[in-house]
Amino acid sequence: MLSSSQLSAGKELGAGFTYTAGLLGAEAVVSGPPQADPPKQVEIFKQMMNSAKGGVAIQASDTELIARDLAAAVQGGFPVIAVDIRPAATSGVKTFVGNDNHQLGERLADELIGRLPAGSTGMVVVGSTRPGLPVMEQRLQGIRDRFAAKLPGVKVAGPFDTQTDPAANQAAWKRLAAATPGALALIGTGSTDGPSIAAVHTETKAKWLGAGFDLNPKTVTALQDGELVAIASPEHYLSGAMAGWLQVRHAQDGIALPQGWVQTPSLVITTKNLPEIIKRQQSDNEKAAWFKPRIDELTADLAKHTKPLSPAG
């Protein structure tokens with residue numbers, strides 16, 4: 001179950017989940033509001049509890065709002081897996097599948113730092129479509145920590161609210177770029193940010209570096225065109241695939257859900273590995289072929305890839 005079925009992250013999660021469910025001979029149902037609407041997601045979750053006998057894997061952007069309903073489901077023996085966003089401690093959900101967003105922020109910062117002169121000083125501007133959302137905050141903190149360690153003369157400013165609506169998002173980035181003409185880089189932590197940063201970079205013929213998160217197709221095109229220098233991909237397809245595998249194996253064979261955080265690897269994409277990723281993203285078949293060895297590696301030794309789960313935030 002997705003927090004937003006229309007964003008690229010949701011589409012990737014759903015595609016991965018559907019793939020492994022089908023691989024194991026199960027039927028997958030992917031649902032969720034078109035755009036982030038936590039109350040609507042709670043409503044859909046309650047409906048799915050009556051129909052999804054094998055359980056629900058859920059990406060919940062507002063973990064506190066849905067915690068009570070998740071707790072009631074878990075206490076009633078209903079299998080629940082949290083995906084992409086850590087569950088609230090009060091939810092009772094013990095299985096989380098997702099990447100390390102703090103680490104991904106560090107890795108994206110490393111890519112930018114490698115393109116700046118040694119000892120650089122100045123400002124890096126970070127925007128967020130959902131300030132305060134744990135995933136976004138973890139990415140931001142990773143960026144902050146890496147710049148503090150490697151380029152302490154660079155101030156990481158933000159997060160500034162860039163909004164989720166594409167038009168409003170682009171307008172926000174236009175304002176930020178105009179307000180910080182000497183910025184070294186502009187980084188968006190949300191899926192909508194990448195294309196907007198690229199559009200502003202093109203329009204203003206900027207010298208600052210642009211970077212973003214998530215495999216929004218327009219973000220990939222912007223990297224290909226040279227308007228962005230890097231994309232940090234949480235690899236949502238892989239997280240969705242692992243959640244599907246765990247849920248189906250539990251439903252079919254009674255295999256216990258792992259208690260903890262099943263950590264899925266992420267990826268930083270630059271022009272060096274971009275051709276491979278473009279080929280991978282062309283079709284569901286290409287994605288399945290690319291991710292299958294990685295799914296096999298994770299499922300072959302779940303304990304190795306599972307660590308203690310801490311609450312959201």
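This passage describes helix packing, a sheet, salt bridges and one helix residue in a predicted model.

Helix packing is taken up first. Two packed helices are described by the angle between their axes and the distance between the axes. Helix 2 spans residues 38–51, and helix 3 spans residues 63–75. Their axes come within 9 Å and cross at roughly 10°. Angles under 35 degrees count as roughly parallel, so helix 2 is roughly parallel to helix 3. On the helix 2 side, the contact is made by P38, P39, V42, F45, K46 and M49. On the helix 3 side, L65, I66, D69, L70 and A73 meet them. Of the residues in this contact, 9 are nonpolar and 2 are charged. No polar residue takes part.

The sheet is open and has 5 strands. Their order is 1-2-3-9-11, and the pairing is mixed. Strand 1 (56–58) and strand 11 (306–307) stand at the edges. Each has a single partner strand, so one side of each is left without a neighbour in the sheet. Within the sheet, strand 3 (residues 95–98) pairs with strand 9 (residues 260–263). The two run in the parallel sense, and 4 bridges join them. V97 has V262 of strand 9 as its bridge partner.

Charged side chains form a further set of links. Side chains of opposite charge can pair when their charged atoms come close. The structure holds 13 salt bridges. One of them joins R146 to E106, with the closest N and O atoms 3.5 Å apart. R146 lies in helix 5 (residues 134–150), whereas E106 lies in helix 4 (residues 101–113). The pair therefore ties together parts that are 40 residues apart in sequence. R146 counts as partly exposed, because its relative accessibility is 22%. E106 has a relative accessibility of 16%, so E106 counts as buried. Both residues also belong to a network of salt bridges, in which E106, D110, R146 and K150 are linked.

Helix 5 also contributes R139 to a salt bridge. Here the side chain of R139 meets that of D214, at 3.6 Å from N to O. D214 lies in the loop between strand 7 (209–213) and helix 8 (217–225). Because R139 is in helix 5, this pair ties together parts that are 75 residues apart in sequence. Residues under 20% relative accessible area count as buried. D214 is buried, at 5% relative accessible area. R139 is buried as well, at 2%.

A further salt bridge is formed by E286 and K279. Their side chains meet at 3.0 Å, N to O. E286 is partly exposed, with a relative accessible area of 26%. K279 is also partly exposed, with a value of 44%.

The last residue considered is Q170. It is found in helix 6 (residues 166–179). At 33% relative accessibility, Q170 counts as partly exposed. Neighbours within four places in sequence aside, Q170 is in contact with S196, A199 and V200. T299 lies elsewhere: Q170 and T299 are 40 Å apart in space, C-alpha to C-alpha. In sequence, 129 residues separate Q170 and T299.

Definitions and conventions: Residues numbered from 1 in each chain as written. Predicted model: local features only at pLDDT ≥ 70, side-chain atom pairs only at ≥ 80, totals over all residues. Heavy atoms only, no water. Axes fitted to C-alpha atoms, helices over the stretch in contact; angles between N-to-C directions. Parallel < 35°, antiparallel > 145°, perpendicular 65-115°, else oblique. Contact = heavy atoms within 4.5 Å. Nonpolar A, V, L, I, M, F, W, Y, C, P; charged D, E, K, R; others polar. Pairing = 2+ DSSP bridges. Salt bridge = Lys/Arg side-chain N within 4 Å of Asp/Glu carboxyl O. Buried < 20%, exposed > 50% of the residue type's maximum accessible area, 1.4 Å probe, protein only.
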